[in-house]
Amino acid sequence: QLQASGGGLVQAGGSLRLSCVTSGSVFVITGWYRQAPGKQRELVATIPARGSTNYADSVKGRFTISRDNAKNTVYLQMNSLKPEDTAIYYCYARRISNKDVWGQGTLVTVSS
């Protein structure tokens, strides 16, 4: 249903772009969460089918979420990466039925 990709190792200040290909359902909202070692999963950014994007305060101005409806893909462009952005990033989506769907994680490691 959700296939995430694009993680990797990057130096602080660098950039990465994550991709999440959706299939099988109509989703009312799609986004990204992340979970760092020893911490709870937290919201990074969401983009609804209609409406405004939403970002965690910690990534505002650095990350941009976008979608390509023709490719059923949601992107997370991450710029000015910091070591504290190191985490497993999970693609997330909510169906019209209000059921949440999660993709597999993709690891982002930012070295200092």
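User: Before we start, what does "exposed" mean here, and is Asn-98 buried or exposed in this predicted model?

Analyst: Exposed means over 50% relative accessible area, and buried means under 20%. Asn-98 sits in the loop between strand 9 and strand 10 of this predicted model. Its relative accessibility is 53%, so Asn-98 counts as exposed.

User: Okay, and which class does Asn-72 fall in?

Analyst: Asn-72 is found in the loop between strand 7 and strand 8. Its phi is near 50 degrees, a positive value in a residue other than glycine. Partly exposed covers the range between under 20% and over 50%. At 42% relative accessibility, then, Asn-72 counts as partly exposed.

User: Now the inside: which strand gives the most to the largest nonpolar core?

Analyst: That core has 28 residues, and those with the most contacts inside it include Trp-32, Phe-63 and Tyr-89. Several elements give two or more residues to it, among them strand 4 (27-35), strand 5 (42-48) and strand 9 (87-95). With four residues, the top giver is strand 9.

User: Which strands stand at the edges of the open sheet?

Analyst: Four strands make up this open sheet, in the order 1-3-8-7, with antiparallel pairing. Each edge strand has a single partner, so one side of it is left without a neighbour in the sheet. The edge strands are strand 1 and strand 7.

User: And which residue of strand 3 stands opposite Ala-4?

Analyst: Strand 1 and strand 3 pair in the antiparallel sense, over four bridges. Across from Ala-4, in strand 3, stands Cys-20.

Technical notes
Residues are numbered from 1 along each chain as its sequence is written. This is a predicted model: local features need pLDDT of at least 70, side-chain atom pairs count only at pLDDT 80 or more; totals for chains, interfaces and linings use all residues. Side-chain values use heavy atoms; hydrogens and water are left out. A nonpolar core is a set of buried Ala, Val, Leu, Ile, Met, Phe, Trp, Tyr and Cys residues joined through side-chain atoms within 4.5 Å. Buried means under 20% relative accessible area, exposed over 50%, partly exposed in between (1.4 Å probe, protein chains only). Two strands pair if DSSP finds at least two bridges between them.
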